[in-house]
Amino acid sequence: MLALKDSELQTLIETALAEDVPYYDLASEAIFQGQTGTVDLIAKQEGVLCGLPIFQAVFTYLQEDSQFDSFIQEGERIEKGQVILSIQAKATTLLTGERVALNYLQRLSGIATATRRFVDALEGSNIKLMDTRKTTPGFRNLEKYAVRVGGGYNHRHGLSDLIMLKDNHIGAAGSITAAVQAVREVDPFIHKIEVETENLDMVKEAVACGVDIIMLDNMDHDQMAEAIAYINGRAIIEGSGNMTADTVSRIKDLDLDYISSGSITHSAGILDLSMKNFRVN
């Protein structure tokens, strides 16, 4: 489900349209005089479709009675050349909303596709893929939605969801133990605590503190294996640091609970989609 209220969705669409169409669509308004048209949404490369609700909402915002004939559903794999849906509306509606609608759909489909590729690379293991906070400002809910559509899981949505102690926190506090004690004084039981570790000594200290989640950050295979054996079920284990779909097969044999990767959002790119075969009815 697209995790946006109707008002939030409308604000996103209004902002994007105000940027792209400050006054009106000069070319379309001049050429079309109230004519209706039909256009097809076509895949120009294979991937995972994501973002249909907001794609359609752009045209519905411009014209409430816009009609959609869908052939592919949200989250399904698409092949190059497939017709995903057809839209019928005023010609000006179709051409005015085209770029904004495609920008949303291509971006979210790109993230869902990158996520699915990563998930496929993990097939055969029990490791779950999580995203990070490395998202486009203002688009986090949409991009994390795309990760879920692609088969991944969401890490914290923001700093208020989880106490996560990273290198800067630990360095400022002086140690993992001191950092954990400090946050427990402020938040003794409401939120889980995750600690980022870089070596076995840090892992041992985190275990001794009784934290909920231990991140093994930028460790090689043998280091992670040793850390996992030491933790021995006493905390949830997350692997992180330069994880990609091309390299993750090297750690599939490890008993990790999760791995996290920023690449599925910040480096996903777009899925190439196009509105073609425009015809005036």
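This dialogue walks through the two domains of a predicted model and the interface between them.

Trainee: What should I know before I start reading?

Mentor: Residues are numbered from 1 along each chain as its sequence is written. In this predicted model, local features need pLDDT of at least 70, side-chain atom pairs count only at pLDDT 80 or more, totals for chains, interfaces and linings use all residues, and side-chain values use heavy atoms, with hydrogens and water left out.

Trainee: Which residues belong to each domain?

Mentor: Domain bounds come from an automatic or database domain assignment. Here domain 1 is 6-118 + 269-280, and domain 2 is 124-264. Their C-alpha centres lie 36 Å apart. The contact (heavy atoms within 4.5 Å) takes 18 residues from domain 1 and 22 residues from domain 2.

Trainee: What does UniProt place at residues 25-109?

Mentor: An unreviewed UniProt entry gives "domain: Quinolinate phosphoribosyl transferase N-terminal" there. UniProt positions follow the numbering used here, feature names are shortened, and annotations may be inferred rather than shown by experiment. Over residues 25-109 the chain is 42% helix and 28% strand. Helices (H or I, at least four residues) and strands (E, at least two) are DSSP runs, numbered from the N terminus.

Trainee: How is the size of an interface given?

Mentor: It is often given as the accessible area lost when the parts come together. Buried area uses a 1.4 Å probe and is summed over both parts. Domain 1 and domain 2 bury about 1500 Å² between them, with 70% of it on carbon and sulfur atoms. Ile111, Thr115 and Phe118 supply 43% of the area that domain 1 buries against domain 2, more than any other three residues.

Trainee: How many salt bridges cross the interface of domain 1 and domain 2?

Mentor: First, the rule: a side-chain nitrogen of Lys or Arg lies within 4 Å of a carboxyl oxygen of Asp or Glu. It finds 2 across this interface. Elsewhere in your notes, put down the pair Arg107 and Glu143, whose side chains meet in a salt bridge at 3.2 Å, N to O.

Trainee: Which elements give two or more residues to the side of domain 1 that touches domain 2?

Mentor: They are α3 (52-62) and α4 (91-121). Helix α4 gives the most, with 10 residues.

Trainee: Where else does α4 appear?

Mentor: Look at Asp120, which forms a salt bridge with Arg77, the closest N and O atoms being 2.7 Å apart. Asp120 is in helix α4 and Arg77 is in strand β4 (residues 77-78). The pair links distant parts of the chain, 43 residues apart.

Key:
Buried area is the accessible area (1.4 Å probe) that two parts lose on being put together, summed over both.
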